[in-house]
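Please follow the side-chain contacts of this protein, beginning with its charged pairs and moving on from there.

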Amino acid sequence: MDMVALGIFLTAAVGLLGSPGPAIAALIAVGRARGFVGGLPYFLGLQAGLAIAAGATAAGLFSLLTTFPSALRVMTIAATVYLLYLAYKIASSPVGDTAKAGNGAHASPAAGFLLGMTNPKAYLAFASLLASYTLIKGSAQHDVFAKWILLVVVMIAVDIVWLYVGVFLRGLILSPNGERALNVTLGLMVLVAAGLAFV
């Protein structure tokens with residue numbers, strides 16, 4: 001394995017996969033609303049969806065999908081509808097004593113999986129990373145598999161950090177008005193991140 005290429009690949013992967021997008025904004029919000037243990041099912045669902053999306057991209061299925069604009073449109077609409085719902089649930093989350101009970105409607109493993117599978121920012125990042133670097137020369141199969149494994153490891157590492165950011169925000173002692181402002185801000189973050197990813 002080319003160690004220089006590996007270092008560059010990992011640096012690029014952390015930068016692309018760890019930069020704010022819909023999934024990261026959602027993880028922060030879920031960590032804030034549910035805590036670490038409560039947010040873990042969402043996190044695991046998200047990782048499963050992202051791992052499958054990365055595998056599909058590695059297998060060339062995303063390139064095949066781009067030849068069918070209607071399929072991409074359906075995927076984008078599904079992600080947009082979910083993210084609008086998520087932003088609303090976050091912004092309208094309870095504050096004060098009722099906040100600790102947690103609504104959790106937006107923190108299910110299925111919701112995380114859906115976002116992981118339909119996140120356009122992730123597909124573009126995967127396609128860019130998989131096409132731009134060669135880690136193992138002489139075997140395209142081994143090279144793609146190694147990159148897929150590394151992408152999954154990087155996703156887990158960066159996303160757990162962002163979940164903990166949300167958990168940290170949960171620990172802040174705020175007035176009900178301050179909590180409401182934070183919830184609305186997190187909801188807006190999801191909308192902005194989604195808008196940037198889809199553009």
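A search of the whole structure finds 2 salt bridges, a salt bridge being a side-chain nitrogen of Lys or Arg within 4 Å of a carboxyl oxygen of Asp or Glu. This is a predicted model, in which local features need pLDDT of at least 70, side-chain atom pairs count only at pLDDT 80 or more, and totals for chains, interfaces and linings use all residues. Residues are numbered from 1 along each chain as its sequence is written, and side-chain values use heavy atoms, with hydrogens and water left out.

In one salt bridge, Glu179 meets Arg32 at 3.6 Å, N to O. Because Glu179 lies in helix α8 (residues 176-198) and Arg32 in helix α2, this pair ties together parts that are 147 residues apart in sequence; helices (H or I) are DSSP runs of at least four residues, numbered from the N terminus. Both Glu179 and Arg32 are buried, where buried means under 20% relative accessible area, exposed over 50%, and partly exposed in between, with a 1.4 Å probe and protein chains only.

Asp143 and Lys147 also form a salt bridge, at 2.9 Å, N to O, and these two residues, 4 apart in helix α7, are separated by about one helical turn. Asp143 is buried at 6% relative accessible area, and Lys147 is buried at 2%.

Helix α5 (residues 109-118) contains Thr118, which is buried with a relative accessible area of 9%. A polar atom of the Thr118 side chain lies 2.7 Å from the backbone oxygen of Leu114.

Technical notes
A polar contact is a pair of N or O atoms within 3.5 Å; within protein, one must be able to donate a hydrogen and the other to accept it, and residues adjacent in sequence count only if both atoms are side-chain atoms.
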